[in-house]
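Visitor: I have this model open at the bench and would like a close look at one single part of it. Could you set the scene briefly and then walk me through that part, residue by residue?

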Amino acid sequence: MFDFFSVLIPFLLIHTICDFYLQTDRWVEAKKAHTYRSPELYLHATLQGVALLLPAMALGIDWRSTVCLIVIVAVSHFIIDLWKVTTPKGDKLAYFVIDQALHVSVLAAIAFHVADGASIEAVLQHERFSDGVLVVFAYVLILKPTSIVIGAVLNKYPIVNSAMDTDTDAVTDTDVIADPVSDNTANVSGLVAGGELIGYLERLLILTFMLVGSYAAVGFVLAAKSIFRFGELNQSANRSMTEYVLIGSLISVVITTLIGALVSLGVDIKFK
């Protein structure tokens, strides 16, 4: 008998090794340059399929299922990689995420088929299914929706500085709370949308630590951020900018903490 995760995890391990360790940079560049005419594309796809012989043999999967497994993974990997290398701007992070999600989805579907007793109905009726949905909803909620809320609140508190354009209506959905970078500032430098990314990462860490029941780690995240930001804000001659950052930061922390606390109560997590 096979458990879903006992099948999926070895499959993912093989995929990770073949995709990130056994695939050289020369192979990647060759696939981009020659697309479907690249021998490296066929070799890589074949390697992904054949390498699954190891977990299939270890799990005792019958030979017919193993052959089907190899063919499906090799062909699907070829198609997905071909799509990625022939897509304009395929090197973007979004395409990388989609590419990996498709590969993992294929492996998950195979593991779901191989696993004994696995069915959609069994998943929906699992005692932890509702908890899982609640946790996923919490992660979705703290990203873009929270950024929009923060942007809406900060629009009521424009930065007052004669050297700046005080029209902050352009900052509506940017999470400027961690690093207030926007196109409408004349004397603020930094990564474009860097504040939004920092805010995302901060909230992901806070929520994750809360869901594992570790308040101490949440305090560490906040302390580390404060240390990095203290020097810049302390030297800033613009009090409005300092208050702007602090307001956004506190809103971010409060929203994430409240969501984390509610979800933790819902899934019965004990705090440490």
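Guide: Read along the sequence, this predicted model follows the pattern α-α-α-α-α-α-α-α-α-α-α-α. That gives the protein chain twelve helices and zero strands. Of its 272 residues, 40% are buried. Among contacts between residues at least 6 apart in sequence, 67% join residues at least 24 apart. As for the surface, the chain exposes about 15900 Å², and carbon and sulfur atoms supply 69% of that area.

Now for the part itself: let's take helix α1, which runs over residues 4–21. Its 18 residues reach 25 Å from the first C-alpha to the last, close to the 26 Å expected at 1.5 Å a residue. At the start of α1, look for Asp3: one of its side-chain oxygens comes to within 3.2 Å of the backbone nitrogen of Phe5.

Next, colour the helix by burial. Which residues of α1 are buried? They are Val7, Leu8, Phe11, Ile14, His15, Cys18 and Asp19. These residues lie on the same side of α1, because they cover an arc of only 130° around the axis. The spacing you see in the numbering has a simple background: an α-helix has 3.6 residues a turn, so residues three or four places apart point the same way.

What do the buried residues of α1 pack against? Their partners are α3 (39–50), α4 (53–59), α5 (63–86) and α6 (93–114). Turn the helix over and the other side shows Phe5, Ile9, Leu13 and Tyr21, which are exposed.

Cys18 deserves a moment if you are thinking about cysteines. Its relative accessibility is 3%, and because the cut-off for buried is under 20%, Cys18 counts as buried. Cys68, by contrast, has a relative accessible area of 47% and is partly exposed. A search of the whole structure finds zero disulfides.

For a companion to α1, try helix α9, residues 144–154. Here Thr146, Ser147, Ile150, Gly151 and Leu154 are buried. They cover an arc of only 135° around the axis, which puts them on the same side of α9.

So, back on α1, keep two sets of residues in view: Val7, Leu8, Phe11, Ile14, His15, Cys18 and Asp19 are buried, while Phe5, Ile9, Leu13 and Tyr21 are exposed on the other side.

How values were computed
Residues numbered from 1 in each chain as written. Predicted model: local features only at pLDDT ≥ 70, side-chain atom pairs only at ≥ 80, totals over all residues. Heavy atoms only, no water. Helix = DSSP H or I, 4+ residues; strand = E, 2+ residues; numbered from the N terminus. Expected span 1.5 Å × (residues − 1). Buried < 20%, exposed > 50% of the residue type's maximum accessible area, 1.4 Å probe, protein only. Arc of directions from axis to C-beta. Contact = heavy atoms within 4.5 Å. Polar contact = N/O pair within 3.5 Å; in protein donor to acceptor, adjacent residues only side chain to side chain. Areas by Shrake-Rupley, 256 points an atom, 1.4 Å probe, with all protein chains shown as cover. Disulfide = S-S within 2.5 Å.
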